[in-house]
Every structure is written in C-alpha cells, then in structure tokens.
Amino acid sequence: MIEVKDLTKYYVKNKALDHVSFSLKEGEILGFLGPNGAGKSTTMNIITGYLSSDSGSVKIDGIDVLEDPKEAKKRIGYLPEQPPLYNDMTVQKYLEFMFKLKKVRLPMKEHLNTICEQVKISDVKGKIIKHLSKGYRQRVGLAQALLGDPPVLILDEPTVGLDPIQIVEIRKLIRDLGKQHTVILSSHLLSEVQAVCDKILIINHGKIVADELTSSITQTGSSTVSLELIIEGRRQTIHSMLQKVDGVIKVTDKGECERGCYEFRVDSRRDVRRLIFRAFAKSDFAILSMHPVEQSLEDIYLDIITGKTDTEEAS
Ligand code: ADP
Ligand code: MG
C-alpha cells in the first residue's frame, strides 16, 4: 500500500534523511519511532507530497507521489504536527471549508456527520475551535484527515501535548481507525508505539535503524543475553567465579535476598547457563535459581538511540 524507497533529503547542508526505505501493507498500523530531530516529520511531509526529496520515491497504492501528486494525495489523510486549524471557525464551518478545499465528491452533510461520529466530536460541532480543549482540537484535526475517506492515514505525533486521559482516548481512536485504514503514526514514545502499532520502524539521525515486527525486535535486537541467579555461598567468591565464566561480560551483585543467598545478574555474549552450572557444581555453593531475563524493547530502543548502532552526530 505504501512503498518508500531510498529517500534522501538535505536542508541546505544538513542531511535530514539518509536512504530511508520501508513498505507497508494494507491495513497495517506502522509506528514511526525516533527521538526529536530524527527525521520523522520530514519523512511524513515527503510521503504526503508537502515536501520534495532530493532522491528516492514514494508510491501510495502504486501511484507515485511525485509523478501524480493529485491522485496520491486523494488517498492520504494527513494530520501534521501542527494541524491546520482555523481557530475562529466553528468545527462545522471548518470541516465544510476543508471539504470544499479538498474537493471531496461525497454527499457533504452525511459525510461530515459520519466523520464527526467516528472521532466523537458531534457534540461540539457548533463550537468555535479556539474554545476547544487540546484533545478536542486534535480530534478535529483527525476529522479533517478523514475527509474524502482516504485509505491511508499519516499522523504526526498525534498525542503530543495531550493530558493522560486524552492520550488514552486518542490512542483508542487511532486503533479503531486502524481497522479500516492503513496508518503511519510517528512518536518519540516507545510506549505509544507499543500500545497502538503492529509494526515498528526506528529512525535515528535520518536513518532507519530497525524495521521489524515489535516482537522480533525484542528477540533479535539484542547481542547480549542476561541471566538472573540466586546462589548460596560466599558473596565475593561467587562474584569472581561468575566473572571467570567464558563469555561473561558483566556481573552485577544485586544484594542478599535470603540469609546467605545472593542475587546476581550476568550479561554475556552467548548462552552460558551450562558453563555456570558446571563451575558451581564443582564447588560447595548452590545455585538456587537461574533464569534468562528478556531485554525489553525499552532497553533495545535506548541502545539504538544512544548510539550503539549509529555513531553519527545530530546537528
Ligand atoms: P522529527 O520530526 O523526527 O523530530 P524532523 O524531520 O522535524 O525530525 O527534523 C529532522 C532534521 O531536519 C533535524 O535535524 C531538523 O533540525 C532538520 N530540519 C527539519 N526541518 C527543517 C527546516 N525546515 N529547515 C532546516 N532544517 C530542518
Ligand atoms: Mg516531528
């Protein structure tokens, strides 16, 4: 449904995007995750045809955004970082205005009613936009994106600036919209992407650094394995025995958990469970428990963002 190939974009000398490629199937919700300045808005502005790229292409439903921007734009509903709201209009007047501006060819009254129901703003249609809460204004922005029934929705940081209750409501709304639309949502919050999306794409300094299903990033993103152990014996000796095991990178003493029993965390480059078992079997110390700890997506994201996989400096 969406095919992004090799996008590169310079702002004067500053390279904002560096060979960004990804694709998205119909009906998927993609989370576009990255810290501020990573290139999310730039990518979204190019996909929606509001900004040109220096190289690369974007196809929406097979239509090239550069070659046929009119047709491509018809298929996209866009909620930019700063939604284009006219603050002195009522919600109804604004949506009618945008409906005409977009030259939507559907029965206007019915269509607007359906959209307002969908994003739950029917009760504020008569209100002036500047008198609405930020949460409601964001819904009006979403309504504007839904005009003309586009199959693709591009939402740039849709929950920024909302309070926690509004955030929950907007996320639920996006998940519902995701049932009938192909959605790209950008966010600098991992929790948001995890809560809403099927697929996740991590961008940093203009480069895609991870492109996977949320679950497979957790499995393959980590090069280290971690174990948590409880061992009975002499604390210092246990510590140094663990450190001597081949492949162990780091041993963390997490303190006494029962009398004479200590908890340790062991980070290693490979599975060292058998080696640890054998080392302790020869001693008087007893391993009371040993289990692998999964690296959370949060850890992996931080690794990626703090430069473990990318050493380029942001400008
Ligand atoms: P994000 O949306 O992920 O926060 P952006 O796409 O807005 O990131 O920005 C990517 C990079 O491009 C940043 O380094 C930013 O400073 C730069 N940038 C964005 N817009 C402009 C612009 N209009 N002129 C110059 N530099 C820009
Ligand atoms: Mg942005």
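This is a short talk on a predicted model, covering its ligand site, its largest pocket and a few single residues.

Okay, let's start with ligand 1. Which residues surround ligand 1? Going along the chain, we have Tyr 11, Asn 14 and Ala 16, then Pro 35, Asn 36, Gly 37, Ala 38, Gly 39, Lys 40, Ser 41 and Thr 42. If you sort that shell by class, you get four nonpolar, six polar and one charged residues. Strand 2, which covers 14–24, and helix 1, which covers 40–47, each put in at least two residues. Which element gives the most to the shell? That would be helix 1, with three residues.

Now zoom in on the oxygen atoms of the ligand. There's an oxygen of ligand 1 at 2.9 Å from a polar backbone atom of Gly 39. For Lys 40, it's again a polar backbone atom, and the distance to a ligand oxygen is 2.8 Å. Thr 42 comes in through its side chain: an N or O atom there sits 2.5 Å from an oxygen of ligand 1. And how much of ligand 1 does the protein bury? Taken alone, the ligand exposes 560 Å², and 62% of that is buried by the protein.

Right, on to the largest pocket. Its space comes to about 800 Å³. There are 21 residues in the lining, and if you want to find the centre on screen, look for Lys 73, Lys 74, Leu 101, Lys 102 and Lys 103, which are the closest to it. So what is the lining made of, by class? It splits into 12 nonpolar, three polar and six charged residues. As for elements, helix 2 (69–74), strand 6 (76–79) and helix 3 (91–101) each supply at least two of the lining residues. The largest share is from helix 2, with four residues.

Next, a couple of buried spots. Phe 264 is in strand 13, residues 261–268. Buried or exposed? Phe 264 counts as buried, because its relative accessibility is 0%. Its C-alpha is 9.5 Å from that of Met 290, and those two are 26 residues apart in sequence.

Ala 143 is the other one, and you'll find it in helix 5, residues 134–146. Ala 143 also has 0% relative accessibility, so it counts as buried. Here the partner I'd point at is Gly 77: 66 residues away along the chain, with 9.3 Å between the C-alpha atoms.

Last bit: backbone angles. Most residues other than glycine have a negative phi. Two residues here go the other way.

Val 12 isn't a glycine, but its phi is positive, about 50 degrees. Where is Val 12? In the loop between strand 1 (2–11) and strand 2. Val 12 has 81% relative accessibility, so we call it exposed.

Then there's Glu 157, another residue other than glycine with a positive phi, near 45 degrees. Glu 157 is in a loop too, the one between strand 7 (152–156) and helix 6 (164–177). Why do we call Glu 157 buried? Because its relative accessible area is 7%, and the cut-off for buried is under 20%.

So, if you open the model afterwards, I'd look at Thr 42 by ligand 1, then at Lys 73 and Lys 74 in the pocket, and then at the positive phi of Val 12 and of Glu 157. That's me done, thanks.

Key. Residues are numbered from 1 along each chain as its sequence is written. Chains are lettered from A and ligands numbered from 1 in the order in which they are written. This is a predicted model: local features need pLDDT of at least 70, side-chain atom pairs count only at pLDDT 80 or more; totals for chains, interfaces and linings use all residues. Side-chain values use heavy atoms; hydrogens and water are left out. On a 1 Å grid over the protein atoms alone, a cavity is a set of points where a 1.4 Å probe fits but cannot get out, and a pocket is an open set with protein on both sides within 12 Å along at least five of seven lines; lining residues have an atom within 4 Å of a point. Grid points are joined across faces, edges and corners, and a volume is the space filled by probe spheres set on the points. Ala, Val, Leu, Ile, Met, Phe, Trp, Tyr, Cys and Pro count as nonpolar, Asp, Glu, Lys and Arg as charged, and the others, Gly among them, as polar. A residue is near a molecule or strand if one of its heavy atoms lies within 4 Å of it. A polar contact is a pair of N or O atoms within 3.5 Å; within protein, one must be able to donate a hydrogen and the other to accept it, and residues adjacent in sequence count only if both atoms are side-chain atoms. Accessible areas come from the Shrake-Rupley method with a 1.4 Å probe; for residues, only the protein chains shown count as cover. Buried means under 20% relative accessible area, exposed over 50%, partly exposed in between (1.4 Å probe, protein chains only).
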